[in-house]
Amino acid sequence: MSVSRSETIADRVIDEVLGAVVADRRLMETIMTGVLARGHVLLEDVPGTGKTLTARSLATALGLEFNRLQFTPDLLPADVTGSYVYDENSGSFEFNEGPIFANVVLADEINRSPPKTQAALLEAMEEGQVTVDGTTHELPEPFLVIATQNPVEQEGTFELPEAQRDRFTVKTSIGYPDAAGERELIDRRADRTAQAPTVDSVIDAEAVRALRQIPEQVTVEDELRDYVVAVCRETRADRRVDVGVSPRGVQRLFEAARARAAIEGREYVVPDDVLAVAEPVLAHRLVLTAETSVRDTSRRDVVRDVIDRVEVPAMTPPES
């Protein structure tokens, strides 16, 4: 598959999802960036903004197997990964796969479960496998976690541990639609008999695997590599930050910039690609000081300030 072909496919997938979800196109481009970067996506917003519908619609448009896992305070790690069950007929223990065994797993309201259960996802998200009773089980390929969470101020929620937030390539929010968007929501509902809209498959699992290899063909010049490193290192120097972007975060910003270029149909990264993905890739990885938190400064504010301070390199597009 060529880079130009990836742009066409990404546009078709986004158009199909936006036929069901009333949302900003930039939101879907950010989510697709996570898909092409072979990462995971975290959606944070108040209930009822379409997070679950977005995840389900994306899985259908990509032609992937989908499982939904509702996180609750009493959810156990085995409810995520699966467990061994004794089979009386064979006289042995058989492994029953949990809902994590799917191409796209919706971890719905992930922050309503205690950290022990949330941690059951860590190995799956990082290694593409789960280990149960000392035995490792490979997950399907491609594998993507789309987690949704309500703001931590909501009753009955737990802050995600820093190690788990770091596993998500991008974090973004859907937000409330404007007045025209909410009117469109009603008009779409009036034109169908079912409560939920339907989505058709645009591609299949094999095409998704090929699509996720496209960013490896995208060139990143030395000046931009230095720029990616400089932006991430500057987050650690900011006085408002206790813990800045980790080396894993540096790599994820690099990968997301290449994925963004592929979505744009370019074989090379430009500064705008880095700027477009910097906030969703970096903000959720920061740990702010207590003083900064009470001053109502957000992680995204810090990332914007960092970007303003780091000089953007002047780039000349490489010759084909």
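Where is Pro142 found? Pro142 sits in the loop between strand 7, residues 135–138, and strand 8. I start there because this is a predicted model, and the backbone geometry is worth going through by hand. The peptide bond that joins Glu141 and Pro142 is cis, with omega at about 5 degrees.

Next, the positive phi values. Glu109 has phi near 50 degrees, which is positive in a residue other than glycine. Glu109 belongs to the loop between strand 5, residues 104–108, and helix 5, residues 115–118.

Asp133 is also not a glycine, and its phi is positive at about 50 degrees. Its loop is the one between strand 6, residues 129–132, and strand 7. Strand 6 and strand 7 form a hairpin with 2 residues between the strands, and Asp133 takes its positive phi within that hairpin. The two strands run antiparallel and are joined by 4 bridges. One pairing to look for on the screen is Val130, whose bridge partner in strand 7 is His137. Is Asp133 buried or exposed? Asp133 is exposed, because its relative accessible area of 66% is over the 50% cut-off.

Now to strand 1, residues 41–44. Strand 1 pairs with strand 8, residues 144–149, in the parallel sense over 4 bridges. Within that pairing, Val41 stands opposite Ile146 of strand 8. Strand 1 also runs parallel to strand 9, residues 170–172, and 3 bridges join them. There, Leu42 has Lys171 of strand 9 as its bridge partner. So that we keep the loop in view: strand 8 is also the strand that follows the loop holding Pro142.

A brief stop at the start of the chain. Ser4 has its place in helix 1, residues 3–18. Ser4 counts as partly exposed, at 45% relative accessibility. Ser4 and Leu43 are 39 residues apart along the chain, and their C-alpha atoms are separated by 28 Å.

Then helix 10, residues 222–237. This helix has 16 residues and reaches 23 Å from its first C-alpha to its last, close to the 22 Å expected at 1.5 Å a residue. Which residues of helix 10 are buried? They are Leu224, Tyr227, Val228, Val231, Cys232 and Thr235. Seen down the helix axis, these buried residues fall within an arc of 125 degrees, so they line one face of helix 10. The face turned away from that buried side carries the exposed residues Asp222, Asp226, Arg233 and Ala237.

Last, the second largest pocket. About 450 Å³ of space lies in it. The lining of this pocket has 26 residues, and those closest to the centre are Gly48, Thr49, Gly50, Leu53 and Leu185. Which helices each supply at least two residues of the lining? Helix 3, residues 51–61, and helix 8, residues 179–190, each do. The largest share, 4 residues, comes from helix 8. By residue class, the lining of the second largest pocket divides into 11 nonpolar, 8 polar and 7 charged.

To recap the items to check on the screen: the cis bond between Glu141 and Pro142, the positive phi of Glu109, and the positive phi of Asp133 in its hairpin. After those, look at the buried face of helix 10 and at the lining of the second largest pocket around Gly48, Thr49, Gly50, Leu53 and Leu185.

Technical notes:
Residues numbered from 1 in each chain as written. Predicted model: local features only at pLDDT ≥ 70, side-chain atom pairs only at ≥ 80, totals over all residues. Heavy atoms only, no water. 1 Å grid on protein atoms, 1.4 Å probe; cavity = no way out; pocket = protein on both sides within 12 Å on 5 of 7 lines; lining within 4 Å. Points joined across faces, edges and corners; volume = space filled by probe spheres on them. Nonpolar A, V, L, I, M, F, W, Y, C, P; charged D, E, K, R; others polar. Pairing = 2+ DSSP bridges. Expected span 1.5 Å × (residues − 1). Buried < 20%, exposed > 50% of the residue type's maximum accessible area, 1.4 Å probe, protein only. Arc of directions from axis to C-beta.
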